[in-house]
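This report walks through a protein model and its ligand. Begin with the ligand, then turn to a helix pair and two backbone details.

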Amino acid sequence: MRIVLMGPPGAGKGTQAKLMRERTGMAHISTGDLLRKAVSAQTALGLAAKGYMDRGELVPDTLVIGMIDHCLRTDGVAASFMLDGFPRTVTQAEALEDTLKTGQVPLEHVISLAVPREELVRRLSGRRTCRQCGAMFHVAFDPPRQEGICDRCGGALYQREDDREETIRARLDVYDRSTAPLENFYRARGLLREIDGTGSTTDVLDRVLVHLEAGRAA
Ligand code: AP5
């Protein structure tokens, strides 16, 4: 299956993609995770992307499209994947369409997770991520057993640079301006389904799975 997960920062794209990967074994491709890896490895891409990410702005299309194109053309990946955080602009969506057309593997579902803005701010300002294994926690909704320590691997938890309140609000504005218009792009292709992203993570997962099992979006 080929799925795009959309939704504003904090809507739960990464959380749902990880749960679905555990259930289905599908590849999870997160542009945010790929870019953060490039930043910490100080590659040319990472050095070019860092400033945009710290300010909560989008990394230029050319950089992100090149990165995803490379990823999708790797053997086997394009046949089945969940894209998390890509595309984020109409230009990126058109580039993705071209890549998938070349491989004759069209997108099947675009899921947009909907969560009220103040809930998004609460989720992001309390998020903590493991430096070692990438596991995610929330100081109030899903706290680790020991403060600052990952339950899974014992790694140190940190707060993402762009999860400070001012930057969170900037990211939400960027989403409304640049990414929300993509909904119309996918609605016109009959692929989009908005799903309520509130409630427990398993409630949300159940809604997503019910939709995927029911087939293509109406
Ligand atoms: P990216 O890493 O993609 O960040 P984002 O889209 O802002 O999304 P988040 O990871 O913040 O949120 P999420 O929806 O995955 O929520 P999560 O599951 O983590 O991008 C970062 C930056 O990289 C961008 O700002 C940009 O600069 C750059 N970038 C990336 N892709 C790009 C692209 N295509 N083009 C250009 N630039 C790009 O959950 C959040 C928190 O909520 C967690 O603590 C979690 O535990 C909690 N939570 C999740 N679900 C629930 C629930 N149901 N109830 C309670 N808490 C919940």
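In this predicted model, a polar side-chain atom of threonine 15 sits 2.5 Å from an oxygen atom of the ligand. Two arginines make contacts of this kind, arginine 88 and arginine 171. The table lists the three distances.

| Residue (polar side-chain atom) | Partner | Distance |
|---|---|---|
| Threonine 15 | ligand oxygen atom | 2.5 Å |
| Arginine 88 | ligand oxygen atom | 2.5 Å |
| Arginine 171 | ligand oxygen atom | 2.6 Å |

How much of the ligand's accessible area does the protein cover? On its own, the ligand has 1000 Å² of accessible area, and the protein covers 95% of that.

**The shell around the ligand**

The ligand is surrounded by 35 residues. Thr15, Glu57, Arg88, Arg127 and Arg171 are the closest. By class, the shell holds 13 nonpolar, 13 polar and 9 charged residues.

Which helices and strands supply at least two residues each? They are helix H1 (13–24), helix H2 (31–40), helix H6 (117–125) and strand E6 (136–138). H2 gives the most, with 4 residues.

**H2 against H4**

H2 also packs on helix H4, which spans residues 61–73. The angle between them is about 105°, and their axes are 11 Å apart. Angles of 65 to 115 degrees count as roughly perpendicular, so H2 is roughly perpendicular to H4.

Which residues meet here? From H2 come Thr31, Leu34 and Leu35. From H4 come Val64, Met67, Ile68 and Cys71. The contact has 6 nonpolar residues and 1 polar residue, with no charged residues.

H2 thus appears twice in this account. It supplies 4 residues to the shell around the ligand, and its Thr31, Leu34 and Leu35 meet H4.

**Two backbone details**

Where is the cis peptide bond? It joins phenylalanine 86 and proline 87, with omega about 0°. Proline 87 lies in the loop between strand E3 (81–84) and helix H5 (90–102). Arginine 88, one of the closest residues to the ligand, has a polar side-chain atom 2.5 Å from a ligand oxygen atom.

The second detail concerns glutamine 42. Its phi is near 55°, a positive value in a residue other than glycine. Glutamine 42 is in the loop between H2 and helix H3 (44–55).

Note on methods
Residues are numbered from 1 along each chain as its sequence is written. This is a predicted model: local features need pLDDT of at least 70, side-chain atom pairs count only at pLDDT 80 or more; totals for chains, interfaces and linings use all residues. Side-chain values use heavy atoms; hydrogens and water are left out. A residue is near a molecule or strand if one of its heavy atoms lies within 4 Å of it. A polar contact is a pair of N or O atoms within 3.5 Å; within protein, one must be able to donate a hydrogen and the other to accept it, and residues adjacent in sequence count only if both atoms are side-chain atoms. Accessible areas come from the Shrake-Rupley method with a 1.4 Å probe; for residues, only the protein chains shown count as cover. Ala, Val, Leu, Ile, Met, Phe, Trp, Tyr, Cys and Pro count as nonpolar, Asp, Glu, Lys and Arg as charged, and the others, Gly among them, as polar. Axes are lines fitted to C-alpha atoms, for helices over the stretch in contact, and angles run from 0 to 180 degrees between N-to-C directions. Angles under 35 degrees count as roughly parallel, over 145 as roughly antiparallel, 65 to 115 as roughly perpendicular and the rest as oblique. Contact means heavy atoms within 4.5 Å.
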